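User: Please give me a close look at one part of this model, the hairpin stretch, and then connect it to the rest of the fold. Keep it brisk.

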Amino acid sequence: MTTAPTVFVSLPVAWQDWIMQNLARACNPLDMANSMAASGQHSMAVARAAIDEALALRAAADHAPAPQASAFVAPQQMPYIDLERNLVAAPDRTVEVLFVLKQPQIILLGNVLSDEECDAIIAHCGTRYTRSTVTGEADGASVVHEGRTSEMAFIQRGEAEVAERIEQRLAALAHWPPECSEPFQLQKYGVSQEYRPHYDWLDPDSSGHRSHLARGGQRLATFILYLSDVAQGGGTVFPGLGLEVYPKKGNALWFLNTDDNHQPDKQTLHGGAPVVSGTKIIANKWLRQGRYG
Ligand SMILES: O=C(O)CCC(=O)C(=O)O
Ligand SMILES: [Fe+2]
């Protein structure tokens, strides 16, 4: 028997794995659905639909040729945040929907991180910051640019428990597997530091960006986690939309970088305004079309 790739992406990856592992151990599907509903994270209908889907996948896999060892099915649709209610239940936290712009989609979420989580992420990165770079248009190399004067640091997957926990939370909020995202990138801005308006999507017409596109595909969505309050300045600005979002510790800004067909959206021009007073620290998380890394 072969193992089916998991494609029921409406569930966090941890739950997909849980279903597959329990089916492999020949657990009773009804008992599994009851356990999922008892967790309070899924309705019985969602639990049963996901288990039915997993059973169908396994049955199909039993009759299919063995997949490649590295087979991985990336989601085809777009990541999305469930806006049915004003409060969104992440597996371990209740998040507030503070504002929504429909087109392009920009959502401000409150209470995404606790103060302690923000502090822990900042402490974890300590003094590892280096001058920020951008992707070179010609060859894709990381280059220092006068338009991005902040400092940056990365947290690799598996490096810190707090980062893993937040990554799982974001994956559940966005209905997108954590494997299809870049590791956290922190940006630290002192007084007068900024990131001038730019796009987060990778430009298929730029030779430098193509090598990055080859690794994980397009950046479909951006999460900006605000890890600090800022006394003055430092907003995330969308000049074409007349919009400025002020940093607030624990909030997260979300926007879609592409349309539903994964094509770059030029309305998403945005930047980080200069900090006037205080220090701004954010963590970026970019959701990719496919598996990253
Ligand atoms: O600093 C900000 O608010 C925006 C940062 C940003 O757009 C980026 O790092 O790509
Ligand atoms: Fe950006």
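Analyst: Strands β2 and β3 form a hairpin, with 4 residues between them. One caution comes before the details: this is a predicted model.

The two strands of this hairpin run antiparallel and are joined by 5 bridges. One pair to look at is V100, whose bridge partner in β3 is I107. The loop between β2 (93-101) and β3 holds P104. The peptide bond from Q103 to P104 is cis, with omega about -5 degrees. Most peptide bonds are trans, and most residues other than glycine have a negative phi.

β2 also has a partner on the N-terminal side of the chain. Strand β1 (residues 87-90) pairs with β2 in the antiparallel sense, over 4 bridges. Here A89 stands opposite T94 of β2. This pair is a hairpin too, and 2 residues connect β1 to β2.

Now follow the chain out of β3. The loop between β3 and α4 contains N111. N111 is not a glycine, yet its phi is positive, at about 65 degrees. How covered is N111? It counts as partly exposed, because 16 C-beta neighbours lie inside 10 Å. A second residue of this kind is H175, another non-glycine with a positive phi, near 55 degrees. H175 sits in the loop between α5 and β8. It has 18 C-beta neighbours inside 10 Å, so H175 counts as partly exposed.

β3 leads next to the nonpolar interior. In soluble globular proteins, nonpolar side chains tend to be buried together. The largest nonpolar core here has 42 residues, and L225, L227, A252, W254 and I282 touch the most other members. Several elements give two or more residues to this core, among them β3 (106-110), α4 (115-125), β7 (151-155), β14 (252-256) and β17. Helix α5 gives the most, with 7 residues. A second core of 10 residues is separate and includes A33, A47, A50 and A54.

Helix α3 (residues 44-62) is worth a short stop. A45 is found in this helix. Buried or exposed? A45 counts as exposed, because only 10 C-beta neighbours lie inside 10 Å. A45 and A33 are 12 residues apart in sequence, and their C-alpha atoms are 8.7 Å apart in space.

Back to the main core and strand β17 (residues 280-288). Of its 9 residues, 8 are buried. Two strands pair with it. Strand β8 (residues 184-189) is joined to β17 by 5 bridges and runs antiparallel to it. Within that pairing, Y189 has K280 of β17 as its bridge partner. Strand β10 (residues 219-226) is joined to β17 by 7 bridges, again antiparallel. There, F223 has K285 as its bridge partner.

One residue of the core, I282, helps to tie these pieces together on the page. Beyond its neighbours within four places in sequence, I282 is in contact with L186, Q187, I224, L225, Y226 and L227. Among these contacts, L225 and L227 are listed with I282 as core members that touch the most others.

I282 also belongs to the surroundings of ligand 1. Which residues surround ligand 1? They are Q187, Y195, D200, I224, T236, H270, G272, I282 and N284. Two elements give two or more residues to this shell: β15 (270-272) and β17. Sorted by class, the shell has 3 nonpolar, 5 polar and 1 charged residues.

β15 takes us to one more sheet. Here 4 strands form an open, antiparallel sheet in the order β9-β15-β12-β13. β9 (195-198) and β13 (243-245) stand at the edges with a single partner strand each, so each has one side without a neighbour in the sheet. On average, neighbouring strands of this sheet are turned by 15 degrees against each other, direction ignored. Strand β12 (residues 236-238) pairs with β13 in the antiparallel sense over 3 bridges. In that pair, T236 stands opposite V245 of β13. T236 is also one of the residues around ligand 1.

To return to the starting point: the hairpin of β2 and β3 carries 4 residues between its strands, the bond from Q103 to P104 is cis, and β3 is among the elements that give two or more residues to the largest core.

Technical notes:
Residues numbered from 1 in each chain as written. Chains lettered and ligands numbered in written order. Predicted model: local features only at pLDDT ≥ 70, side-chain atom pairs only at ≥ 80, totals over all residues. Buried ≥ 20, exposed ≤ 12 C-beta atoms within 10 Å, placed from the backbone. Pairing = 2+ DSSP bridges. Near = placed C-beta within 6 Å. Nonpolar A, V, L, I, M, F, W, Y, C, P; charged D, E, K, R; others polar. Axes fitted to C-alpha atoms, helices over the stretch in contact; angles between N-to-C directions. Core = buried A, V, L, I, M, F, W, Y, C linked by C-beta atoms within 7 Å. Contact = placed C-beta atoms within 7 Å.
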